[in-house]
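Please open the structure in your viewer and keep the sequence panel visible beside it. This tour proposes what to select at each stop and describes what is found there.

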Amino acid sequence: LYGDFIQGVGNWDAKPGGLAAPWYARFGHSLDALDADGDGIADVMVLAGGNNPTPSNDVWLSTDGMVWFFDGYAEWPKRAYHSTAVFQGELYVIAGTPLSNDVWSGSLIEDTTKEVGYTFQWTQKMKQAPWLPRAGSCAVTHIFNDTEANATDDMMNNMTHASTEALFILGGLAGYGEGEDNPDNEPIRARNDIWKTADGESWTRVLPRTDNAVHHWAGRAFHGCTSWANKIYVLGGGYMGTDGSLEAYIDTWWSSDGASWMKTNYEEGAKDEHNLYSTNEWTEIIIESGRTVYRGKWGFSLETFRRHHSHQDLIESCSSEANDTCGQSLYVIGGKVEGFSVVSDIFTSKHGIKCELGGVTCGNRGTCTLTGCICHSTNFTGEYCLDRKLEDQKSSAFHHFGIAGFVQVAIYILLLCNQLLELL
């Protein structure tokens, strides 16, 4: 590894070309990739903040992952366990510990005076967002279609829908707000609130609703989230247990808009009874006896990546018209397994993740392909073959008249025969 080995900033006494990067060892930091020239390909990796060993605000840039350059100290306060996301071409740095609820955006600009060729300019979007100060939350940028009610007449006439890019913040560990019940006098607790913004400055609470009519995933922190296949996915994470340790989840959820959530996996049992089970393979751990047990995971990286499929017939079924995420997979990388040590394993999703709901594939009424379910039942349709077809959704090639229809046809034939007889 090479780059800026600077005294007082990083590992200045490390040997260039060795295994040590120029920046200090750390945890609770963020790592993102940005597209600098607008061609859709990420050009620069950005490592920011984290504990090294105390919260920091140093920023490091690299174009290849091997050579790292110091981009100075950011204007935002030192922090760790913050959330980051690339939104509208800028890098957003959100919240973190010490607990905060500020929002910053960074613009990557060309700078010929820098050896790496770029530098960041930071802007504070909000000093205090409406959500509680927190750490260990998850931020994700998601593009979704507006409802028909929000689309213009021109859009409806052209049979298209408006697309909205929004930045979401999901869950995290937060303190207690004014008026909140805190019977156990806890300093913080895991949250399941969801907020979104279209500009980084005006935030709207999506969930929980004031009427609590929508139930979704339980409060959690250090979970994984990403936007993939037109959905927001949330995996794992955990909450503070009674002994102060993190108790982790074994679930996977998705939402197309952040307001309505579906659980993809099936789970049952309890770890205390040694019979906990989940259809999520990333929860599998093989213990010394050789038996497989299922445990939650937190602090992992959740990434999307396009990989090569070995079966030509599957590749051919992946047309650009069907889905631009066809061929992409979710990757669950590393993390901390509840009751076990930090792991370095990697799990990748199969195309079945697009077809599974509650642990059942295509409602047991179809076949799962790279682009989703193909329903075999003549009575069911929909993304998971769970929606019963209406009469007008069935084939228009033939129609079952029934007795009433038969009588109408018979009367029509009799009238036609009478007209023919009169002509004769």
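**First stop: the nonpolar cores**

Select Val46, Val59, Leu61, Trp76, Phe120 and Trp122: these residues have the most contacts inside the largest nonpolar core, which has 17 residues. A nonpolar core is a set of buried Ala, Val, Leu, Ile, Met, Phe, Trp, Tyr and Cys residues joined through side-chain atoms within 4.5 Å. Buried means under 20% relative accessible area, exposed means over 50%, and partly exposed lies in between (1.4 Å probe, protein chains only). At least two residues of this core are supplied by each of strand 3 (44-51), strand 4 (55-62), strand 7 (90-96), strand 8 (100-110) and strand 9 (118-126). Helices (H or I, at least four residues) and strands (E, at least two) are DSSP runs, numbered from the N terminus.

Another core, of 15 residues, lies apart from it; Val140, Phe144, Cys225 and Trp261 are among its members.

Now select Val59 alone. Which residues does Val59 touch, not counting those up to four places away in sequence? They are Val46, Leu47, Ala48, Phe69, Phe70, Asp71, Gly72, Ala74, Trp76 and Trp122. Contact here means heavy atoms within 4.5 Å.

**The model as a whole**

This is a predicted model, in which local features need pLDDT of at least 70 and side-chain atom pairs count only at pLDDT 80 or more, while totals for chains, interfaces and linings use all residues. Residues are numbered from 1 along each chain as its sequence is written, and side-chain values use heavy atoms, with hydrogens and water left out.

Display the full protein chain: it contains three helices and 34 strands. Of its 424 residues, 42% are buried. Among contacts with a separation of 6 or more, 50% are between residues 24 or more positions apart. The accessible surface of the chain is about 23,600 Å², and carbon and sulfur atoms account for 52% of it; these areas come from the Shrake-Rupley method with a 1.4 Å probe, and for residues only the protein chains shown count as cover.

**Second stop: strand 7 and its partners**

Select strand 7. This strand is largely enclosed by the rest of the structure, because six of its seven residues are buried. Add strand 6 (residues 83-87), which pairs with strand 7 in the antiparallel sense over five bridges. Two strands pair if DSSP finds at least two bridges between them. Ala85 stands opposite Tyr92 of strand 7. The hairpin of strands 6 and 7 has two residues between the strands, and Gln88 takes a positive phi near 50 degrees there.

Next, add strand 8, which runs antiparallel to strand 7 and is joined to it by five bridges. Where is the bridge partner of Tyr92 in strand 8? It is Ser105. Strands 7 and 8 also form a hairpin, with three residues between them.

**Third stop: an open sheet**

Select strands 15, 16, 19 and 20, which form an open, antiparallel sheet in the order 15-16-19-20. Strand 15 (224-228) and strand 20 (262-263) stand at the edges with a single partner strand each, so one side of each is left without a neighbour in the sheet. Strand 16 (residues 231-235) and strand 19 (residues 252-255) pair over four antiparallel bridges, and Val234 stands opposite Trp253.

**Fourth stop: His142**

Select His142, which lies in strand 11. Is His142 buried or exposed? His142 is buried, with a relative accessible area of 0%. Its side chain makes a polar contact with the side chain of Ser227 (2.7 Å). A polar contact is a pair of N or O atoms within 3.5 Å; within protein, one must be able to donate a hydrogen and the other to accept it, and residues adjacent in sequence count only if both atoms are side-chain atoms.

**Last stop: disulfides**

A search of the whole structure finds four disulfides, a disulfide being a pair of cysteine sulfur atoms within 2.5 Å. Select Cys138 and Cys225, which are joined with an S to S distance of 2.1 Å. Cys138 lies in strand 11 (residues 138-145) and Cys225 in strand 15, so the pair ties together parts that are 87 residues apart in sequence. The torsion about their S-S bond is about -95 degrees, so this disulfide is left-handed.

Finally, select Cys375 and Cys385, another disulfide (S to S 2.1 Å). Cys375 is partly exposed at 25% relative accessibility, whereas Cys385 is buried at 0%.
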